[in-house]
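Open the model in your viewer and keep the selection box to hand. The tour moves by residue number.

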Amino acid sequence: MPRSGEDHTRNRSAAVAAADAAIGSATGELLELSHSIHAEPELAFAETRSVAKALAPLRARGFEIRMPVADLDTAFVASYGSGELVVGICAEYDALPEIGHACGHNIIAAAAVGAALGLAEVADACGLTVKVFGTPAEESGGGKVLMLERGVFDDAAMAMMVHPGPVDIVNARSLALADLSVLFHGREAHASAAPEEGRNAGDAITVSQVALGLLRQHLRPGQQLHGIVNSGGVAPNIVPGRAELLYYLRAVDSASLDDLMRRASACFEAGALATGCTHEIRTLAPTYTELTADPGLLWAYREQIVGMGRVPLAPEVEAVRPLGSTDMGNVTHVIPGIHPVIGIDAGGAVTHQPEFAAACVTPSADLAVIDGATALARTAIQIAGDQLHRARLLELRIQRQEDIR
């Protein structure tokens with residue numbers, strides 16, 4: 001006989017209690033993990049110590065570890081259980097140059113591990129397989145994109161993570177992003193004795209940036225461009241024969257990003273043409289697409305986070321508040337997923353500021369680790385026990401796998 005709604009509720013409550021208890025018992029270990037990753041920041045594709053730290057509690061709990069994966073030395077998959085519904089939880093752990101964990105990836109990693117420990121406790125009862133996807137190089141390099149393209153996510157029915165920020169946001173929005181190098185080639189010459197023999201690659205940068213600055217007035221809503229001069233010469237008395245710009249182009253979606261790329265490329269070409277230089281544009285990392293969150297997972301996560309006493313932004317406010325860019329956007333275009341923001345008290349600081357890095361090891365950040373882990377685990381339990389959502393996710397996975405074949 002099919003179980004009654006009351007039975008489902010009772011079983012779900014028992015699973016939530018068991019997962020909460022497992023996370024609670026691991027609190028000290030999870031906070032130590034967050035603080036330890038924060039104390040030793042590592043850059044993209046070189047996060048060896050952070051990975052070892054994240055794997056230790058999973059290995060101790062009996063997770064099966066595969067590493068490396070996708071030909072990436074600091075990517076891993078840690079699996080537990082044998083249920084039909086494969087729940088993916090993404091852990092990030094790379095830091096920013098100079099300012100360390102100013103995007104709070106130490107919190108992301110610890111919350112992911114905590115959620116996995118909680119779900120391992122109820123995997124059999126809920127018909128789950130829990131997979132922690134260790135994803136390097138989110139800040140620059142697109143680790144998730146490479147893992148996605150190389151099949152690491154193929155059997156996941158859903159993918160989740162939480163990201164710290166100044167406020168709680170359930171349906172976080174992100175921008176599509178292109179990561180560019182623009183290299184100008186000119187000709188060196190003595191800047192005083194024979195300047196007419198030179199072709200100034202530094203001037204090509206100047207003209208390009210003036211053109212980009214004028215372009216900003218005519219950008220479409222949501223389009224952004226910002227960058228730095230990576231190299232522009234070696235000495236004042238040598239006409240620069242080589243100069244490089246590093247630029248990010250962002251837009252609300254991939255189509256708008258393509259339009260911005262076309263227009264920005266014309267500005268770079270103008271700089272080369274005006275100065276008699278040549279130029280080449282290279283994409284330094286996979287292009288990030290915008291987040292496309294799954295409505296069912298959003299509903300479940302919002303219910304959990306509100307039930308825990310947090311007050312996320314209203315949906316109408318979320319819709320007009322993009323939060324930079326993330327390679328999790330590429331995952332959500334393929335697999336039902338969410339990327340909510342878990343709020344911490346950052347004292348007015350925002351991500352990618354040194355003050356935010358300091359805030360990521362405060363009591364508020366520690367609470368975000370435990371609340372984030374709990375909310376993710378409860379969300380998975382809610383979805384696993386809802387027959388309509390469970391069946392929908394499993395059917396979408398079957399369709400995706402047929403498309404792959």
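Helices and strands here are DSSP runs, numbered from the N terminus. Remember throughout that this is a predicted model.

**Stop 1: a buried glutamate**

Select Glu42. It sits in the loop between helix 2 (27-39) and helix 3 (48-61). Is Glu42 buried or exposed? Residues under 20% relative accessible area are classed as buried. Glu42 has 4% relative accessibility, so it counts as buried. Now show what surrounds it. Setting aside neighbours within four places in sequence, Glu42 is in contact with Glu47, Thr48, Arg49, Ser50, Tyr93, Asp94 and Ala95.

**Stop 2: strand 4 and its partners**

Select residues 128-134, which form strand 4. Seven of its seven residues are buried. In a regular strand, side chains alternate between the two faces of the sheet. Colour the two sides of strand 4 separately. One side carries Leu128, Val130, Val132 and Gly134, the other Thr129, Lys131 and Phe133, and all are buried.

Add strand 2 (residues 76-81). Six bridges join it to strand 4, and the two run antiparallel. Look for Phe76, which stands opposite Gly134 of strand 4.

Then add strand 3 (residues 85-91). Here seven bridges make the link to strand 4, and the two strands run parallel. Gly88 stands opposite Lys131 of strand 4.

**Stop 3: helix 4**

Select residues 105-120, helix 4. How many of its 16 residues are buried? The count is 16 of 16. Check the length too. At 1.5 Å a residue, the helix should span 22 Å; its end C-alpha atoms are 22 Å apart, so the two agree.

**Stop 4: the cores**

Show the largest nonpolar core, which has 70 residues. Leu58, Val87, Ile89, Leu119, Tyr301 and Ile344 have the most contacts inside it. Which helix gives the most to this core? Helix 13 (residues 363-384) does, with 12 residues.

Centre on Tyr301. Beyond its neighbours within four places in sequence, Tyr301 is in contact with Val162, Val170, Ile338, Pro340, Ile342, Ala375, Leu376 and Thr379. Apart from the largest core lies another, of 24 residues. Its members include Leu180, Val182, Leu249 and Ala272.

**Stop 5: residues 181-270**

Select residues 181-270. An unreviewed UniProt entry annotates them as "domain: Peptidase M20 dimerisation". The span is 36% helix and 26% strand, and its end C-alpha atoms lie 16 Å apart.

**Stop 6: the four-stranded sheet**

Bring up the open sheet with strand order 8-9-7-10 and antiparallel pairing. Strand 8 (224-231) and strand 10 (278-283) are at the edges. Each has a single partner strand, so one side of each is left without a neighbour in the sheet. Neighbouring strands are turned by 20° against each other on average, direction ignored.

Zoom in on strand 8 and strand 9 (residues 242-251). Seven bridges join this antiparallel pair. His226 stands opposite Tyr248 in strand 9.

Now switch on the helices. Helix 7 (residues 201-215) packs on the sheet and touches strand 7 (176-185), strand 8 and strand 9. Its direction makes about 20° with that of strand 9. Finish with helix 8 (residues 254-275). It lies across strand 7, strand 8, strand 9 and strand 10, running at about 15° to strand 7.

Conventions: Residues numbered from 1 in each chain as written. Predicted model: local features only at pLDDT ≥ 70, side-chain atom pairs only at ≥ 80, totals over all residues. Heavy atoms only, no water. UniProt positions renumbered as here; feature names shortened; annotations may be inferred. Core = buried A, V, L, I, M, F, W, Y, C linked by side-chain atoms within 4.5 Å. Buried < 20%, exposed > 50% of the residue type's maximum accessible area, 1.4 Å probe, protein only. Contact = heavy atoms within 4.5 Å. Pairing = 2+ DSSP bridges. Axes fitted to C-alpha atoms, helices over the stretch in contact; angles between N-to-C directions. Expected span 1.5 Å × (residues − 1).
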